[in-house]
Amino acid sequence: MTEIRKVGFIGVGNMGNPMAGHLVKAGYEVTVFDIRAETMQAFVAQHGGKAASSLADAGRGADALITMLPDDKVVRKAILGENNDGAAAALAAGAIVIDMSTADPVGTRALAAALQPRGIAVVDAPVMGGVVFAKDATLDIMVGGDAAPVERCRPLLKAMSRSIIDCGGVGSGHALKALANYINACALINAIEAMTIGKRFGLDAKLMADALIPLCAGRNHPIEKKVIPHILTGRHATGMAMGFIAKDVRIAVDIAKSIGAAAPLAERVSELWTAAAEKLGANLDQTQIARYWEEASGVRLDA
C-alpha cells in the first residue's frame, strides 16, 4: 500500500486554509488551488507549500487530491471539468480523491462511479467542528469509502482531526454529516422556540439556558438516555408511557397558545406524538415511537 506523500488541495478558504496548513506542518508536499489567486498566495505565505496554476496542476502527480468546496456539483466540476479539463485529468491510476466538503452522497457515489474506470478511488470525509476546530486540528471526520483507500488516507486525516468515524461505503460519510447537521438544526430551533415561549411566560433566558443543559443534554439527551439503551437494544423500558409524553408536549403547546407565543415546531411535534400514540398504543413505552418511523421507512433500528 503506497504511502501518501504528495497532496493536492482544492479550496483553501476559511476551512481549507488551516486544514491544508496542518498537512504542510505534518510534512506532506501540498499544492493548493483556489479560484481566488490571492487566497492561494496568502496560504503559501502563511504555511508554505505551493500554489497551483490550474486545477490540473493541483492534481498532477498527487497521491491524494482533497476538495473542500461548497457542494457536490462544484466538486464534480472541479474534479471532472466540463471537457475533461478538471483535476482528475492529471491524476494517475491509484490516486485518491478525498472530498471533505459537505455534499450530497448521491453525487458522491456518482463521482466515484465516474472515476472508477480510471483506477481513481473516492473517499468522502466531511468534517464537523467549524473554523475554530479546523485551526487547532480537532475536527471530527466522518469517512466513507472502500477499506483500502480509507486506510491509506487515515494518517492524512489524523493530521487534521481528533477523531475519525468509519461510516461504511462511499457516500456514507456525507450522509451522516447531513443527518448530524439536520439533528443540530432541529435542536437549535427547538431550544430557541422553547426559550422564547418561556421568556414570554416570564422565565429568565439565562436561567433557562443553564437549566436546559442538565435537563436535556448529557445523561438526559435522548440519544444517550433512550436511543442507545432502549431503542437499539429493543428493551423499550424507560418507564414512561407514550401517552404521557404526548400529553406533556400538548401542555407546552397550550402554554404557547395561552400567552400568544409562536410554537410551529411544538405544534407539529405534538401532532406526531399524538398520532403515534393513537396508532401504536398510548400505554406503550415512549421509545416505541421509533416504530412509527420504522414502519414508514421499512427499516428496524434494533436489527
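# A tour from helix α8 to the chain end

Start by selecting Asn-181, which is partly exposed, with a relative accessible area of 32%; partly exposed lies between buried (under 20%) and exposed (over 50%), with a 1.4 Å probe and protein chains only. The model is predicted, so local features need pLDDT of at least 70 and side-chain atom pairs pLDDT 80 or more, while totals for chains, interfaces and linings use all residues. Residues are numbered from 1 along each chain as its sequence is written, and side-chain values use heavy atoms, without hydrogens or water.

**Helix α8**

Asn-181 sits in helix α8; helices (H or I, at least four residues) and strands (E, at least two) are DSSP runs numbered from the N terminus. Now add Asn-283 to the selection: 102 residues separate Asn-181 and Asn-283 along the chain, and their C-alpha atoms are 33 Å apart.

In helix α8, which covers residues 172-201, go next to His-174. Is His-174 buried or exposed? His-174 is buried, with a relative accessible area of 0%. Show what surrounds His-174: leaving out residues up to four places away in sequence, it touches Asp-99, Ser-101, Ala-103, Pro-105, Thr-108, Asp-124 and Pro-126, where contact means heavy atoms within 4.5 Å.

**Strand β8 and the loop before it**

Pro-126 appears again at the next stop, among the residues touched by Asp-140. Select Asp-140 in strand β8, residues 139-144. Asp-140 is buried, its relative accessible area being 17%. Besides Pro-126, Asp-140 touches Val-127, Met-128, Arg-162 and Ser-163, again not counting residues up to four places away in sequence. Which side chain makes a polar contact with the side chain of Asp-140? Ser-163 does, at 2.5 Å. A polar contact is a pair of N or O atoms within 3.5 Å; within protein, one must be able to donate a hydrogen and the other to accept it, and residues adjacent in sequence count only if both atoms are side-chain atoms.

Step back to Ala-137, in the loop between α6 (130-135) and β8. Ala-137 is buried, with a relative accessible area of 17%. Check its backbone: phi of Ala-137 is positive, about 60 degrees, although Ala-137 is not a glycine. Most residues other than glycine have a negative phi.

**Helix α1**

Select residues 16-25, helix α1, which is mostly covered, with 9 of its 10 residues buried. The buried residues of α1 include Gly-16, Pro-18, Met-19, His-22 and Val-24. Just after α1 comes Gly-27, with a positive phi of about 100 degrees.

**The second largest pocket**

Select Gly-11, Met-68, Leu-69, Pro-70 and Val-74, which among the 17 lining residues lie nearest the centre of the second largest pocket. On a 1 Å grid over the protein atoms alone, a pocket is an open set of points where a 1.4 Å probe fits, with protein on both sides within 12 Å along at least five of seven lines; lining residues have an atom within 4 Å of a point. The volume of this pocket is about 320 Å³. Which helix gives the largest share of the lining? Helix α4 (residues 72-80) does, with 3 residues. By type, the lining holds 10 nonpolar, 4 polar and 3 charged residues.

**Helix α9 and a loop**

Move to Ala-209 in helix α9, residues 205-216. Ala-209 is partly exposed, with a relative accessible area of 30%. Add Ala-191, 18 residues from Ala-209 along the chain; the C-alpha atoms of the two are separated by 8.6 Å.

His-236 follows, in the loop between α10 (222-231) and α11 (242-259). His-236 is buried, with a relative accessible area of 19%. Phi of His-236 is near 50 degrees, a positive value in a residue other than glycine.

**The segment after α13**

Select Asp-302, which lies in the segment after α13 (290-297). Asp-302 is partly exposed, with a relative accessible area of 28%. Its side chain makes a polar contact with the side chain of Arg-300 at 2.8 Å. Apart from neighbours within four places in sequence, Asp-302 is in contact with Ile-231, Leu-232, Gly-234 and Glu-294. Thr-233 is 69 residues from Asp-302 in sequence, yet 5.7 Å away in space, C-alpha to C-alpha.

**The whole chain**

Zoom out to the protein chain, with its 13 helices and 9 strands. Its C-alpha trace spans about 65 × 40 × 35 Å along the principal axes. Of the 303 residues, 41% count as buried.

Definitions and conventions
Grid points are joined across faces, edges and corners, and a volume is the space filled by probe spheres set on the points. Ala, Val, Leu, Ile, Met, Phe, Trp, Tyr, Cys and Pro count as nonpolar, Asp, Glu, Lys and Arg as charged, and the others, Gly among them, as polar.
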